[in-house]
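Please work through the exercises below with the sequence and the model open beside you, and try each task before reading its solution.

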Amino acid sequence: MSSAATAGTAAAGTPGGTADPLADAPVVTGIGVVSPTGIGHEAHWAATLRADPAIGPLRRFDASSYPTRLGGEVPGFDTADRVPGRLIPQTDHWTHLALAATDLALADAGVVPEDLPEYEMAVVTAGSSGGVEFGQREIQALWGKGPRHVGAYQSIAWFYAATTGQISIRHGMRGPCGVVVAEQAGALESFAQARRHLADGTRMVVAGGTDAPFSPYGLTCQLSSGRLSTRTDPARAYLPFDAAAAGYVPGEGGAILIVESAASARARGAGPGYGRIAGYAATFDPPPGSGRPPTLARAIRTALAEAALDAADVDVVFADAAGVPALDEAEARALAEVFGPRGVPVTAPKSMTGRLYAGGAALDVATALLAMRDSAIPPTAGVTDVPDGYALDLVRGDPVPAALRGVLVLARGYGGFNAALVLRGTDDAPTGDPTTSDHKTSDHTTSETTSDHTTQGSQP
């Protein structure tokens, strides 16, 4: 590894020192999903492979007078069935979703927290909008009825660290705990923080994120960015990388993962897990007008170097996919810079759910791990016209069979945050073997004029 790459790796705060970067890489042993595409990772995965649309008119409140009236809401979520009754009035819907996802992840991993040392279990989640629904309700009570009508839990339920605290308390996890606030990019950083804690001796980390941005106050705050789609047709509202892109649709939910040290997973007989967190890097874009270039490509290169991979070893990229033309073009440019024009399959399953803020990248990582498990690249829904200038090999239509040994997940947060996470398989076979990775020898990786992965019937 070059000195420049080493410096970048150190800046990303990664554990190192082993000859084989996979030997001690953290293993994801449990996945909990609460998403517009379904509750539970198998329901989510099946809906994603079918490209089932999960965006529709907002139902959580009457949004008919707002410019944005669509969103991705979690279907059939019964708080009383999934959250202890005493916690419901103390916490926001955003935390309810995370508590439910944590239960699903722990069950999937076969982890019983009471069986593990309490100071060897940690919690790191991503936060973004916080408890906006709870906060609005209590502030309205303050304005309308006075301070005696404001509940005591207002002081904590809105706070962006509330979810981390509630998961920690509920499951007796007293190891290092924290929260990362970087909008859409935060969840990837939560997994990087998990790696750091595992390198320091923690046995298991609950990591990831959820969000619940739907309330009048919450939606008003989001509209101020100027990035939300105002279209009313759910099928055409959020079209990342499409020539007709006009903003994104927000969504709620996300994913919580159980991340363990490889030694701990082996000791408790957890099996190989879904995949390993092999590389990570974060950068921050300079302010507009500074004359300095954006830094997403640097984040990608640094994450790949940390994972001991070349660009040719990446089998698919799960894109950030902002749905804003200028941002889509910038991401496409960064991918072409690192991988070459149409040099790697790219997908954006979030086109089915909307952007979930703190939960979005966590859901992308969960989806990527399931894609690795089942050797299938899920499609990007709805997109029909990718500009030639993007030079993007976008997977559309049906899922694409592919042996996925190295996967890159990207996320960008409002204000300039960039994050890149590399996942690798759980065995020791070399990533990027041309005999097991179909895109290494396909025409679309070598010809700049070849069309992207689109099944018949969905061509523009």
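The exercises go from the whole chain to single residues, pairs and cores.

This is a predicted model, in which local features need pLDDT of at least 70 and side-chain atom pairs count only at pLDDT 80 or more, while totals for chains, interfaces and linings use all residues. Residues are numbered from 1 along each chain as its sequence is written, and side-chain values use heavy atoms, with hydrogens and water left out.

**Exercise 1. The whole protein**

Task: Describe the secondary structure, the burial and the contacts of the protein as a whole.

Solution: Begin with the secondary structure, which comes to 13 helices and 16 strands; helices (H or I, at least four residues) and strands (E, at least two) are DSSP runs, numbered from the N terminus. Next take burial, where buried means under 20% relative accessible area, exposed over 50%, and partly exposed in between (1.4 Å probe, protein chains only). Of the 460 residues in the protein, buried ones make up 58%. The protein exposes about 17400 Å², and carbon and sulfur atoms supply 53% of this area, as calculated by the Shrake-Rupley method with a 1.4 Å probe, where for residues only the protein chains shown count as cover. Finally, turn to contacts, meaning heavy atoms within 4.5 Å: among those with a separation of 6 or more, residues 24 or more positions apart account for 80%.

**Exercise 2. A threonine in a helix**

Task: Find Thr163 and state where this residue lies, whether Thr163 is buried or exposed, and what Thr163 touches.

Solution: Thr163 is placed in helix H7, which covers residues 162-171. Because its relative accessibility is 2%, Thr163 counts as buried. Once neighbours within four places in sequence are left aside, the contacts of Thr163 are Trp94, Thr95, Ala98 and Thr125. With Thr95 there is also a polar contact of 2.9 Å between the two side chains; such a contact is a pair of N or O atoms within 3.5 Å, and within protein one must be able to donate a hydrogen and the other to accept it, while residues adjacent in sequence count only if both atoms are side-chain atoms.

**Exercise 3. Salt bridges**

Task: Compare the pairs Arg174 with Glu118 and Glu331 with Arg412, giving for each the distance, the places in the chain and the burial.

Solution: A salt bridge is a side-chain nitrogen of Lys or Arg within 4 Å of a carboxyl oxygen of Asp or Glu, and a search of the whole structure finds 17 of them. In the pair of Arg174 and Glu118, the closest N and O atoms are 3.5 Å apart. Arg174 lies in the loop between H7 and strand S6 (177-181) and Glu118 in the loop between helix H4 (93-109) and strand S5 (121-127), so this pair ties together parts that are 56 residues apart in sequence. Arg174 counts as exposed because its relative accessibility is 52%, whereas Glu118, with a relative accessible area of 34%, is partly exposed.

In the second pair, the side chains of Glu331 and Arg412 meet at 3.1 Å, N to O. Glu331 is in helix H12 (residues 325-339) and Arg412 in strand S15 (residues 406-413), so that distant parts of the chain, 81 residues apart, are linked. Both Glu331 and Arg412 are buried. As a last step, note that these two residues belong to a network of salt bridges together with Asp320 and Arg355.

**Exercise 4. The nonpolar cores**

Task: Which residues touch the most other members of the largest nonpolar core?

Solution: A nonpolar core is a set of buried Ala, Val, Leu, Ile, Met, Phe, Trp, Tyr and Cys residues joined through side-chain atoms within 4.5 Å. In soluble globular proteins, nonpolar side chains tend to be buried together. The largest core here has 50 residues, and Leu188, Phe191 and Leu423 touch the most other members. Helix H13 (residues 360-374) gives this core its largest share, ten residues. Apart from it lies another core of 46 residues, including Tyr238 and Val422.

**Exercise 5. A leucine of helix H13**

Task: Describe the surroundings of Leu363 in helix H13.Solution: Leu363 counts as buried because its relative accessibility is 5%. Outside its neighbours within four places in sequence, Leu363 is in contact with Val33, Ser35, His44, Gly254, Ala255, Thr353 and Leu356. Lys350 is 13 residues away along the chain from Leu363, and their C-alpha atoms are separated by 8.5 Å.
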